[in-house]
Amino acid sequence: MPLLEVDRVSKGFGGVLAVSGVSFSVAAGELVGIMGPNGSGKTTLFNLIAGALAPDGGRIRLHGRDIAGLAPHRICARGIARTFQLVRPFAGLSALDNVLVGRLYGRAAGGRAAAVAEAERLLVLVGLDGRAATPAARLTLIDRKRLELARALATSPELLLLDEFMAGLNPAETATAMTLVRRLVADGLTVLMVEHIVWALMDLARRILVLSAGEKIAEGPPQAVAADPNVVDVYLGGAPARA
Amino acid sequence: MTERRWALGILLALGALAFLPLSRARDDVLNFVFLILLSITLAQSWNIVAGYAGQVNLGHAAFFGLGALLARVLWIRGTPIVVAMLAGAALATAFALLIGAPAFRLRGAYFAIGTLALGEILRTTVNNVLPEISTLPAATIAGYQLRHRYYLALALAAVSVVAVTVLAGSRAGLGMQAIREDEEAAEASGVGALRLKLTALALSTALAGLAGGLFAYYHISYYPSHPFGPHWTFDALLMTFIGGVGTLQGPVLGAILYVVLKEYLAVRWVDFHLLIFGALFIAIVLLLPGGLVQAAERARGLVGRRGRRPL
């Protein structure tokens with residue numbers, strides 16, 4: 001059984017179908033990428049999986065159990081964590097407290113002392129050693145992204161949703177972030193990532209879905225997807241992507 | 001853990017104040033300190049829901065009023081005051097939980113406006129249903145002991161400080177602060193926001209109800225609608241903001257400064273003090289959103305510009 005099954009999921013906003021009948025599945029341990037032009041429904045799809053939005057139709061199953069329409073904190077408790085396209089750390093809290101929220105409210109058990117130790121370990125893992133006491137508002141963009149990742153990891157997810165994690169980073173920072181993501185997958189985490197930086201996605205993911213205007217227009221290994229005429233049309237223009 | 005240190009300091013100061021009545025202090029001094037102690041409790045109670053959980057409740061007076069109303073009625077009919085106050089607090093909390101679930105469907109400014117309306121509805125209703133002034137029976141007035149009120153106020157202020165200290169260091173307190181900073185991100189991190197907001201509201205209104213009961217025990221005669229007046233809400237708000245919203249020591253420092261300043265200004269300029277406080281509040285929100293606590297931090301130069309402070 002796949003870890004995540006998205007089955008003909010749709011979501012409309014006032015007559016516009018942001019996500020239209022999208023189906024795919026993610027197996028445990030996979031790193032799957034989602035790409036598509038602006039407005040193609042990537043973030044909406046993430047919001048549906050993470051529970052920030054309820055789908056109008058279709059099913060979303062985790063371990064075979066329907067999670068569509070559950071509140072975000074319940075979905076987190078089932079084992080899905082996310083980061084946000086525009087970083088949203090708890091600005092007034094210290095880096096350590098940010099991660100502690102994830103640890104104390106996520107799926108991990110254990111007391112306060114264990115939680116603090118684990119939060120500190122995660123700060124080191126994402127490269128924020130020495131920043132535990134710094135308020136999140138005073139971190140740089142990449143550090144805030146790292147912090148959000150640590151907060152998501154602290155909830156002990158099985159599936160991590162990364163929404164444009166590399167956006168706004170310079171090439172060196174992007175390389176660092178890629179190494180980090182690879183390491184997480186190597187450690188057994190399943191990752192679903194939306195990414196605009198196509199080369200990074202091609203490099204990381206074994207399988208890529210391409211969305212356009214809310215529909216899935218291609219799915220497959222990076223090279224196959226890149227060569228797909230529909231995808232080329234969507235990215236480079238030309239004839240309409242679908243008949 | 002600066003909170004622990006502040007808590008210890010504040011509790012020691014409150015402990016020292018326990019000796020004030022023994023020093024044959026004049027009644028006006030005891031009355032003055034009583035007002036500060038009542039203000040600390042009220043400000044601290046508002047701080048829980050607004051400062052920690054980030055939900056600006058502008059109907060706080062409703063819960064102070066409900067506590068005062070029930071405690072007064074029960075006490076005058078012979079219930080021991082502490083029991084009467086606890087009953088008043090229970091009523092305030094029950095009402096809070098009743099209106100909390102629908103009220104928390106409103107976010108931000110809408111929650112603030114909704115709770116403001118709620119407070120005013122309650123005040124008007126009480127004013128219409130109980131228009132007569134409430135005066136203590138002559139026998140009670142004859143045996144009136146200011147010291148009893150003073151010690152009760154002292155105990156309640158200590159309870160409020162301990163409650164906030166425990167909350168601030170707890171899992172629930174951290175979850176509330178996460179909600180204050182970003183409710184959606186908190187939910188995504190596993191925080192069940194509605195339940196925690198209701199918890200904050202329940203704790204906040206229980207303390208406000210107790211403070212209302214203390215007021216009912218202290219005041220010899222007043223209109224039953226008086227404790228429902230919006231100034232109780234805005235006094236708490238001003239004190240908390242002046243001191244430092246979302247901190248343990250802020251509401252305490254704010255309450256002291258506010259009461260002292262208010263007495264001083266009211267003597268000199270009568271009603272002009274309201275204008276002065278209005279201007280002070282605007283200045284603080286614009287220039288020093290972290291209040292006195294932030295000012296002290298800046299002065300010490302330990303912390304530079306702080307991040308966004310919660311409303």
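What percentage of the 311 residues in chain B do buried residues make up? I looked this up before anything else, and the value is 54% for chain A and 51% for chain B. I note at the outset that the model is predicted.

**Entry 1: chain A as a whole**

I began with the secondary structure of chain A, which comes to 9 helices and 10 strands. The radius of gyration of chain A is 18 Å, and the globule rule gives 18 Å for 243 residues, so I record chain A as being as compact as a globular protein of that length. Along the principal axes, the C-alpha trace of chain A spans about 60 × 40 × 35 Å.

I then turned to the contacts in chain A between residues at least 6 apart in sequence, and found that 65% of them join residues at least 24 apart. For the surface of chain A, I noted an exposed area of about 9800 Å², of which carbon and sulfur atoms supply 53%. I also looked up the charges: chain A has 26 positive and 22 negative side chains, and the centres of the two sets lie 5 Å apart.

**Entry 2: Arg8(A)**

I located Arg8(A) in strand 1 of chain A, which covers residues 4-13. Is Arg8(A) buried or exposed? Its relative accessible area is 56%, and the cut-off for exposed is over 50%, so I entered Arg8(A) as exposed.

The side chain of Arg8(A) makes a polar contact with the side chain of Asp7(A) at 3.0 Å. Leaving out residues up to four places away in sequence, I listed the residues that Arg8(A) touches: Gly21(A), Val22(A), Ser23(A), Gly57(A) and Gly58(A). I also checked one distance from Arg8(A): Met193(A) is 185 residues apart from it along the chain, and their C-alpha atoms are separated by 19 Å.

**Entry 3: two positive phi angles in chain A**

Before this entry I reminded myself that most residues other than glycine have a negative phi. I therefore looked up two residues of chain A with this background in mind.

His63(A) is not a glycine, yet has a positive phi of about 55°. I found His63(A) in the loop between strand 4 (57-62) and strand 5 (65-66). At 41% relative accessibility, His63(A) counts as partly exposed.

Where does Ala213(A) lie? Ala213(A) is in the loop between strand 9 (207-212) and strand 10 (215-220) of chain A. Its phi is near 50°, a positive value in a residue other than glycine. I recorded Ala213(A) as partly exposed, at 46% relative accessibility.

**Entry 4: chain B as a whole**

How many helices and strands are there in chain B? I noted 14 helices and 2 strands. The radius of gyration of chain B is 19 Å, and the globule rule gives 19 Å for 311 residues, so chain B is as compact as a globular protein of that length. The C-alpha atoms of chain B fill a box of roughly 60 × 45 × 35 Å along the principal axes.

Among the contacts in chain B with a separation of 6 or more, residues 24 or more positions apart account for 78%. Chain B exposes about 13800 Å², and carbon and sulfur atoms supply 68% of this area. Chain B has 23 positive and 14 negative charges, and I noted that their mean positions are 5 Å apart.

**Entry 5: Gln44(B)**

I found Gln44(B) in helix 2 of chain B, residues 27-52. Gln44(B) has a relative accessible area of 0% and is buried. The side chain of Gln44(B) makes a polar contact with the side chain of Asn47(B), at 3.1 Å. Not counting residues up to four places away in sequence, Gln44(B) touches Ser160(B), Val161(B), Val164(B), Thr247(B), Leu248(B), Pro251(B) and Val252(B).

**Entry 6: Thr233(B)**

My last residue was Thr233(B), which lies in helix 11 of chain B, residues 230-243. Why does Thr233(B) count as buried? Its relative accessibility is 1%, and buried means under 20%, so Thr233(B) falls in that class.

Which backbone atom does the side chain of Thr233(B) reach at 2.8 Å? I found that this atom is the backbone nitrogen of Ala61(B). Leaving aside neighbours within four places in sequence, Thr233(B) is in contact with Asn57(B), Leu58(B), Gly59(B), His60(B) and Ala61(B).

Note on methods: Residues numbered from 1 in each chain as written. Chains lettered and ligands numbered in written order. Predicted model: local features only at pLDDT ≥ 70, side-chain atom pairs only at ≥ 80, totals over all residues. Heavy atoms only, no water. Helix = DSSP H or I, 4+ residues; strand = E, 2+ residues; numbered from the N terminus. Rg over C-alpha atoms; globule rule 2.2 N^0.38 Å. Buried < 20%, exposed > 50% of the residue type's maximum accessible area, 1.4 Å probe, protein only. Contact = heavy atoms within 4.5 Å. Areas by Shrake-Rupley, 256 points an atom, 1.4 Å probe, with all protein chains shown as cover. Lys, Arg positive; Asp, Glu negative; His and termini not counted. Charge placed at Lys NZ, Arg CZ, Asp CG, Glu CD. Polar contact = N/O pair within 3.5 Å; in protein donor to acceptor, adjacent residues only side chain to side chain.
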